[in-house]
Amino acid sequence: MADANQSILCSLDGKFRPARKVAGVRAVRVCRAVELGLVSRDLKVQTLEGVVVATPTAMLCYGSANEPWLQSEEKLLQKYAPAPGTAFSQVEVELTTFVPKPDAQAVLAAQHEGQTTIAVQSQWGVLTGQPLDYVVYSPGNPSDVWIVAHDVFEQTYQFVD
């Protein structure tokens, strides 16, 4: 994946800034999301950035704008904690609310200022962004690249520099 994203990362070199998630999410394990009718049986999920394919153990997340995306359980727990009064085990049953951990590692984000669409290869499939959307990646894992729609980024992330 790193090679597939190298050109887009290079084109934005010098523009990446650290940012943190400031909005909570709701999450449920994909295998339960299928039972709830939130994910099709073929495990395809329509995100703002394109159709991606989940694994049964992945987490289906919804942000504050009710936008769906996928992430691993490990990554969810690195960045978020169950909201007060909830337990992680609830993700096996229902959408569960998580809040950002204040000490979670910041991501690196850069706005795509071009006039054309862009695409990155994520763990889940190809994600496509529009002008003004953000390319985001984990500093400890530059192959972990994703796109966040402009409006969603502005509502849910905060630059920390």
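## A partly exposed asparagine

At 45% relative accessibility, Asn66 is classed as partly exposed, because that category runs between the limits for buried (under 20%) and exposed (over 50%). The model discussed here is a predicted one. Asn66 sits in the loop that links β5 and β6, the latter covering residues 68-71. Although Asn66 is not a glycine, its phi is positive, at about 65°.

## A leucine with positive phi

Leu132 also belongs to a loop, here the one between β11 (126-129) and β12. The phi of Leu132 is near 80°, a positive value in a residue other than glycine. With a relative accessible area of 42%, Leu132 counts as partly exposed.

## Overall fold and dimensions

Four helices and 14 strands make up the secondary structure of the protein. Along the principal axes, the C-alpha atoms fill a box of roughly 40 × 35 × 25 Å. A compact globule of 161 residues would have a radius of gyration near 15 Å, and the protein agrees with this, having 15 Å.

Among contacts with a separation of 6 or more, 58% join residues 24 or more positions apart.

## Nonpolar cores

The largest nonpolar core contains 38 residues, and Val30 and Leu60 have the most contacts inside it. Helices and strands both contribute: α1 (2-11), α2 (30-35) and α4 (150-156) each supply at least two residues of this core, as do β5 (59-62), β9 (107-111), β10 (118-121), β12 (134-138) and β13 (141-148). A second, separate core has nine residues, including Met59, Leu76, Tyr80 and Phe98.

Which residues does Leu60 contact, leaving aside its neighbours within four places in sequence? Those that come before Leu60 in the numbering are Arg26, Ala27, Val28, Val30, Ala33, Leu38, Val39 and Val45. Those that come after it are Pro68, Trp69 and Leu70. Val30, the other residue named for its contacts inside the largest core, is thus itself a contact of Leu60.

## Burial, surface and charge

Of the 161 residues in the protein, 45% are buried. The exposed surface comes to about 8,100 Å², and carbon and sulfur atoms supply 52% of that area.

The charged side chains comprise 12 positive and 17 negative ones. The centres of these two sets lie 4 Å apart.

How values were computed. Residues are numbered from 1 along each chain as its sequence is written. This is a predicted model: local features need pLDDT of at least 70, side-chain atom pairs count only at pLDDT 80 or more; totals for chains, interfaces and linings use all residues. Side-chain values use heavy atoms; hydrogens and water are left out. The radius of gyration is taken over C-alpha atoms; the globule rule is 2.2 Å times the number of residues to the power 0.38. Buried means under 20% relative accessible area, exposed over 50%, partly exposed in between (1.4 Å probe, protein chains only). Contact means heavy atoms within 4.5 Å. Accessible areas come from the Shrake-Rupley method with a 1.4 Å probe; for residues, only the protein chains shown count as cover. Lys and Arg count as positive and Asp and Glu as negative; His and the chain ends are not counted. The place of a charge is taken as NZ of Lys, CZ of Arg, CG of Asp or CD of Glu. A nonpolar core is a set of buried Ala, Val, Leu, Ile, Met, Phe, Trp, Tyr and Cys residues joined through side-chain atoms within 4.5 Å.
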